[in-house]
Each structure stands twice: as C-alpha cells, then as structure tokens.
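Hi everyone, thanks for coming. I have one structure for you today, so please get it up on your screens and follow along with me.

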Amino acid sequence: MLSSSSNLIGFVPTLEALPLVAELSAGGEWKLVPCPSYGRVIRQMLAGQFSAGLLPFEVFLIEILSRPALLDRWCVPMVLPDAPVELVMSQRMMKQIQQGEAHRTTSAVQSLVIGIESRNSLTRHQFIAWQRAHPGLEKAKPVFKMLPMELMHQAMIAESIDGFVVPTPWGIAAEALSEGRLISDFSSGKLGQQLVLCCHRNVVETASDAWEALPARLSAQRGLLANVSERDAAIKAMHHL
C-alpha cells in the first residue's frame, strides 16, 4: 500500500474520481477527503494538511507548480482522462434566450454571468466556445464569477449568476432541484479538462512501486465500473466519505 506521514488525498466528488474512490475506499493507509471546491483542495495541500490532491491540470500548473518555492515539492504520478463537464443555465435566462430566438434578435440577452470554480480553469474557455456557436448569444458579453461549486446553485437562485459550468454530476444534481436546466448540447470539445493526481515528491519517492502501479489499478477499476452494480457501490462509497 501507499504510505506517508500524512495519508490524506483531497478531491472534489466527480465522475472521474469514481475509480480512485473505488480503489482506495475499501481500506488501507490512504484516506480520501471530499472537498466542495478545487480551491479548498489547493489551500489544504499548501497548508500541509493533504499530501496529495486531485486537480485540473491547468489549475495545478498555475496555482501550485508556478510558485518558485514549490517547484521541487510536488510531482504528478498520474494523469486521468478528460473530465466531463456540464453547463447549467437558470430557467429565467433560458426564457430570455428563447424569447430572442422566437423574435430572431440578439437584443433579449446582452450579458451572461456565469459561475466557474477558478479563473485559471478551462471551463471559462469551454463556455465561450459554446456561446459563440449558439444562435442568438454571439454578442452577449460573458462575465465570470469565481464560486465554490457548493454555492453555485444558491447563487443562481438568488439571480447573482445566470448559469454555471461544473464537472459531472454537479450539474445533474442542480437540474434536479428545478431552478436550473442542463444544456444538452454543451461539451468541452477540444478543451477537455484533464485531472491530475499531484503529490508531495517525498511521498512518491517513499513508495515509488505503489505509485507506479496505481494507474494500471485505476484502469482496471474503470473497467469494473462499467458494471452498474459496481458503479452504484462506488457512488455510494463516495457519498459516505
């Protein structure tokens, strides 16, 4: 098993985290700690409370690796596949968009306030690419607000934002509460967001064989999760962390 003086791995509960949850939640020396935002994961990594964290690659580069004092402290033993993301728009904004489409005009929507988790995240560019391709929204000015994922739905209810971009399944959960609508034609396209498991370098060096074996173990778990019962068990385990 992997070992470290600090055995905590911070992560945001998303679809791409399921193989890691399935692999590590059964027991052992490592403990997964769910967080409401990538910002929380980063802060606790920098404070020494986590020895590893699951982060979007571009956020890791800018928020951690770009700091000169931290350059030699962290390493990336594993890169995960692209993480699926979802766009949720408020019912109020969708009515405005539909009114503009009905009258064949762009005047109904002049601006769009969109919640994203980090200004350094690819989600901002993913939204802009979708907006430019969406009829009637080409001229609307996008404004981005940085919010923890757990506050985005509340901000939409308060009409502080018109929508938000989040990893799966945060968008599905928001749509279930009826104030938001999941946009089916939204995708990351060429701007897919890869997650990386970043760790203290000394943690990886202490148990290098275990870390080298982890990608293959997660690949096997990904195959097992194609089974509905296995996937449901992993989701339940993630919910109870």
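I'll go through the two sheets, then the spaces inside and at the surface, and finish with one residue in a helix. Before anything else, please keep in mind that this is a predicted model.

Let's start with the sheet that holds strand 1. This is an open sheet of 5 strands, in the order 2-1-3-10-4, and its pairing is mixed. Who stands at the edges? That would be strand 2, residues 31-34, and strand 4, residues 74-83; each has a single partner strand, so one side of each is left without a neighbour in the sheet. From one strand to the next, the twist averages 25°. Helix 3, residues 57-65, packs on this sheet, where it touches strand 3, strand 4 and strand 10, the last being residues 193-200. If you compare directions, helix 3 makes about 115° with strand 3.

Strand 3 deserves a slower look. On one side, strand 3, residues 52-56, pairs with strand 1, residues 8-11, in the parallel sense over 2 bridges. You can find Gly10 opposite Gly53 of strand 3, and Ile9 has Ala52 of strand 3 as its bridge partner. Strand 3 is also joined to strand 10, this time antiparallel and by 5 bridges. Within that pairing, Leu55 has Val196 of strand 10 as its bridge partner. So is strand 3 enclosed or open to the outside? It is largely enclosed by the rest of the structure, because 5 of its 5 residues are buried.

While we are in this part of the chain, have a look at helix 2, residues 38-46. Its buried residues are Tyr38, Gly39, Val41, Ile42, Gln44 and Met45. If you are reading that list against the helix, remember that an α-helix has 3.6 residues a turn, so residues three or four places apart point the same way. Just after helix 2 comes Gly48, with a positive phi of about 85°.

Now please turn to the other sheet. Here 5 strands again make an open sheet with mixed pairing, and the order is 7-6-8-5-9. At the edges are strand 7, residues 141-146, and strand 9, residues 180-182; with a single partner strand each, they have one side left without a neighbour in the sheet. The twist in this sheet averages 30° from one strand to the next. Strand 6, residues 111-116, pairs with strand 8, residues 163-167, in the parallel sense over 2 bridges. Ile114 is the residue to click on, as it stands opposite Gly163 in strand 8. Helix 6, residues 149-157, packs on this sheet and touches strand 5 (85-90), strand 6, strand 8 and strand 9. The direction of helix 6 makes about 155° with that of strand 8.

On to the empty spaces. How many cavities of 30 Å³ or more are there? The count comes to 2, and the largest cavity holds about 80 Å³ of space. Its lining includes Tyr38, Pro56, Val85, Glu117, Met149, Val165 and Gln193. Which strand gives the most to this lining? Strand 8 does, with 3 residues. By class, the largest cavity is lined by 8 nonpolar, 3 polar and 1 charged residues.

The largest pocket has a volume of about 270 Å³. It is lined by 14 residues, and those closest to its centre are Pro13, Pro169, Ile235, Met238 and His239. Helix 7 (170-175) and helix 10 (228-239) each supply at least two residues of the lining. Helix 10 gives the most, with 4 residues. Sorted by class, the pocket lining has 10 nonpolar, 3 polar and 1 charged residues.

Last stop: Ile172, which sits in helix 7. Is it buried, partly exposed or exposed? Ile172 is partly exposed, because its relative accessible area of 43% lies between the 20% and 50% cut-offs. Leaving aside residues up to four places away in sequence, Ile172 touches Glu86 and Leu182. For a sense of distance, Ile172 and Ser219 are 47 residues apart in sequence and 25 Å apart in space, C-alpha to C-alpha.

That's my tour. Thanks for listening, and I'm happy to go back to any of the views.

Conventions. Residues are numbered from 1 along each chain as its sequence is written. This is a predicted model: local features need pLDDT of at least 70, side-chain atom pairs count only at pLDDT 80 or more; totals for chains, interfaces and linings use all residues. Side-chain values use heavy atoms; hydrogens and water are left out. Two strands pair if DSSP finds at least two bridges between them. Axes are lines fitted to C-alpha atoms, for helices over the stretch in contact, and angles run from 0 to 180 degrees between N-to-C directions. Contact means heavy atoms within 4.5 Å. On a 1 Å grid over the protein atoms alone, a cavity is a set of points where a 1.4 Å probe fits but cannot get out, and a pocket is an open set with protein on both sides within 12 Å along at least five of seven lines; lining residues have an atom within 4 Å of a point. Grid points are joined across faces, edges and corners, and a volume is the space filled by probe spheres set on the points. Ala, Val, Leu, Ile, Met, Phe, Trp, Tyr, Cys and Pro count as nonpolar, Asp, Glu, Lys and Arg as charged, and the others, Gly among them, as polar. Buried means under 20% relative accessible area, exposed over 50%, partly exposed in between (1.4 Å probe, protein chains only).
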